[in-house]
Amino acid sequence: MAVTKQRRGRRIMMTPGELDAFLRDRRTCRAATVGTDGAPHVSALWFVWDGTSLWLYSLTRSRRWAQLLRDPRIAVVVDDGEEYGELRGAELTGRVECVGEAPRTGEHCPQLAEVELLFPAKYFGLAEMPHDGRHAWLRLTPEKVASWDFRKLAPAQP
């Protein structure tokens, strides 16, 4: 993963280990795609992080899917925190690729072996992936990553 050298915010940037743990733990991301008219479209979805790539499990009849088939560029934000001093997150950008059949029905696909163990355990508490014939996998191996963790900021002195 190419962690972007952040000019600003180096003090609050997550270390590679912190970023890896954060992405493995969080449950929902926001994915931004580009429409045919150039307008952005942002949608929330579940994902898993395997240490190298972010795997998005997307409905194949969604606007997001259609836009990514036409233009695979994507920006994904995963964030957390309510108060200013708790805010942390990461933005991952790059291009997605479809892996496995679309929609996914469970055909053997070695590239999905780990992902299809991680995803059902994380979201359903299951050992096997339930295939519904409506979703498919998109893999984002980020070209750029920017992160922040405001918890690293020293509390304001009176």
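User: Happy to start with a term: in this predicted model, what do buried, exposed and partly exposed mean?
Analyst: Glad to help! Relative accessible area under 20% counts as buried, and over 50% as exposed. What falls in between is called partly exposed.

User: Which of these classes does Trp46 belong to?
Analyst: Trp46 lies in strand β2. Its relative accessibility is 33%, so Trp46 counts as partly exposed.

User: Which residues form a nonpolar patch on the surface with Trp46, and what is the accessible area together?
Analyst: Trp46 is joined there by Phe124 and Leu126. Together, the accessible area of the three comes to about 270 Å².

User: Within what arc do the buried residues of helix α1 fall?
Analyst: Helix α1 covers residues 16–25, and its buried residues are Leu19, Phe22 and Leu23. Looking down the axis of α1, these line one face of the helix, because they fall within an arc of 95°. A handy reminder is that an α-helix has 3.6 residues a turn, so residues three or four places apart point the same way. For α1, then, the arc is 95°.

User: Which elements do the buried residues of α1 pack against?
Analyst: The partners include one helix, α3 (115–124). The strands are β2 (40–49), β4 (73–80), β5 (88–99) and β7 (144–149).

User: And what is the arc for the buried residues of α3?
Analyst: In α3, the buried residues are Val115, Glu116, Phe119, Pro120, Lys122 and Tyr123. Seen down the helix axis, they line one face, because their arc is within 165°.

User: Which residue just after α3 takes a positive phi?
Analyst: The phi there is about 65°, and the residue is Gly125.

How values were computed: Residues numbered from 1 in each chain as written. Predicted model: local features only at pLDDT ≥ 70, side-chain atom pairs only at ≥ 80, totals over all residues. Heavy atoms only, no water. Buried < 20%, exposed > 50% of the residue type's maximum accessible area, 1.4 Å probe, protein only. Helix = DSSP H or I, 4+ residues; strand = E, 2+ residues; numbered from the N terminus. Arc of directions from axis to C-beta. Contact = heavy atoms within 4.5 Å. Patch = residues over 30% accessible without salt bridge, like charges linked within 9 Å, V, L, I, M, F, W, Y side chains within 5 Å. Areas by Shrake-Rupley, 256 points an atom, 1.4 Å probe, with all protein chains shown as cover. Salt bridge = Lys/Arg side-chain N within 4 Å of Asp/Glu carboxyl O.
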